[in-house]
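Hi,

Here is the structure I promised to pass on to you. Have a look at it first, and my notes follow below.

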Amino acid sequence: MPVTVVVGCQFGDEGKGKIVDYLARGADWVARYGGGANAGHTVQIGRETFVLHLLPSGILTPRPKCVIGHGVVADPVYLLEEMDLLVGRGVPVAGRLFISEGAHALLPYHPMIETLDGEDVRVGTTKRGIGPAYQDKVRRAGIRFYELLDPKRLRVRLEEHAARLETLYRGVGKTPPAPIDQLFAGWISTYSQVADRLRPLVVDTVELLNSALRRGEKILGEGAQGTFLDIDLGTYPYVTSSNTTAGGAATGLGLPPSSLRKVIGVCKAYATRVGEGPFPTELSAGAADALREKGSEFGATTGRPRRVGWCDLVQLRYAARVNGVTSLIITKLDILSGMPQLEIATAYDTPGGRTTAHPVDTEVLARSKPVYESAPGWLEPVSGVRRYGELPAAARSYLDRFEAAAECPISMVSVGSARSAIMTVPPRGRR
Ligand code: IMP
């Protein structure tokens, strides 16, 4: 059974959590492959709203087992808190959640280093310490979950990190929030307590998932953030620190790239971005306000108001290509109801001329002006529509533009936050 990967085609916040929750009913495994608690996956079930930051969204559906792959940087204390929160709300977690022994631990000094370095302000990060945790991984100094479970090794490793933290503070002439040996003693005490609880969950997930693959079980790879926040393919340096695109599922889970045969690209009917960095189709403050309020566009992790813009087909074309998107799911179509006219960016005017290719140089991107085509909007609400054919003709032709840019079919459209507000889209010839 080929692996299916769910990726974001924009800057994150496309509604992947809700889509993974929906698809999880047909999956045996749901596996998060990158990022950390910077993600905020909102899922509404009946009257209850769950916001998951670290656990795979599949955890809310009883059927699948869930994996946090080694591509994730996971705060062990936060992980247990999120688990406890779910158990407290009646979600079964025991025996269903596995954490890769190779996952890197996000530890309390990571957010401190992020602030010390000014990275949080420069990039507008979520302040969760994601960048420094991945920096430790890349400079080959990270602490992986298997070390977390071994008190002797952990002590040695934390000593190294405590000494480095002291040097970093000294280097910028600042004092840490508490003396370093006091912080160190706190870490030792915390992690010796959490280790016992984590031990049953921490396993070789590469073996687990590859065995499942061989048995023909259905694996759903859950991406976090979006294509344009990918460390390699996004709007660098205004990106997160992991590979958020589909390739990250292979490296972050240890699944062979050849097994990733279905890639579902999730794309909001308009665009949003939170944090710094270029956003070609961004609307000016006044125009963005109505859409932001209507779409509740406030960060699920930080509560920050999201920047809002028109749909950008230059970005969608690029996202479809670099991820190898095989089908699209469009979310939040209902939010556009009531707008008589919509603008769609189809190309950019860059200093080097007009292009339909996403510029790699972020400065060029920042200076690019979108070329818009206007499309008629629709005034009627669509949140009650459950059959594609019942959507207004203008909404269907708006969606056609997404298919043309991505060169693949739309398989589903979502028109509300409830699980039931997702409609399947028939293949082109049968619409
Ligand atoms: P970091 O991942 O906290 O290092 O933040 C890097 C950039 O990615 C910032 O612009 C964040 O706002 C953005 N970011 C990180 N996670 C998410 C997410 O889940 N949704 C939207 N933006 C995100």
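**What I found around the ligand and between the domains**

The shell around the ligand is made up of seven nonpolar, eight polar and two charged residues. For these classes, Ala, Val, Leu, Ile, Met, Phe, Trp, Tyr, Cys and Pro count as nonpolar, Asp, Glu, Lys and Arg as charged, and the others, Gly among them, as polar.

Before you dig in: this is a predicted model, where local features need pLDDT of at least 70, side-chain atom pairs count only at pLDDT 80 or more, and totals for chains, interfaces and linings use all residues. Residues are numbered from 1 along each chain as its sequence is written, and side-chain values use heavy atoms, with hydrogens and water left out.

Back to the ligand. It is surrounded by 17 residues (near means that a heavy atom of the residue lies within 4 Å), and N38, T126, T240, V274 and R304 are the closest. Which part of T126 does an oxygen atom of the ligand approach? An N or O atom in the T126 side chain, at 2.5 Å. Ligand oxygen is also 3.0 Å from a polar backbone atom of V274 and 3.3 Å from one of G124. On its own the ligand has 470 Å² of accessible area, and the protein covers 97% of that (Shrake-Rupley method, 1.4 Å probe).

Now the domains, whose bounds come from an automatic or database assignment. Domain 1 is 3-102 + 201-264, domain 2 is 105-198 and domain 3 is 267-430. The C-alpha centres of domains 2 and 3 are 38 Å apart. Their contact (heavy atoms within 4.5 Å) takes seven residues from domain 2 and five residues from domain 3.

How much area is buried between domain 2 and domain 3? About 390 Å², with 50% from carbon and sulfur atoms; buried area is the accessible area (1.4 Å probe) that two parts lose on being put together, summed over both. In domain 2, G124, T126 and R128 lose the most area to domain 3, together 68% of what that side buries. So G124 and T126 turn up here as well as beside the ligand.

Cheers

How values were computed
Polar contact = N/O pair within 3.5 Å; in protein donor to acceptor, adjacent residues only side chain to side chain.
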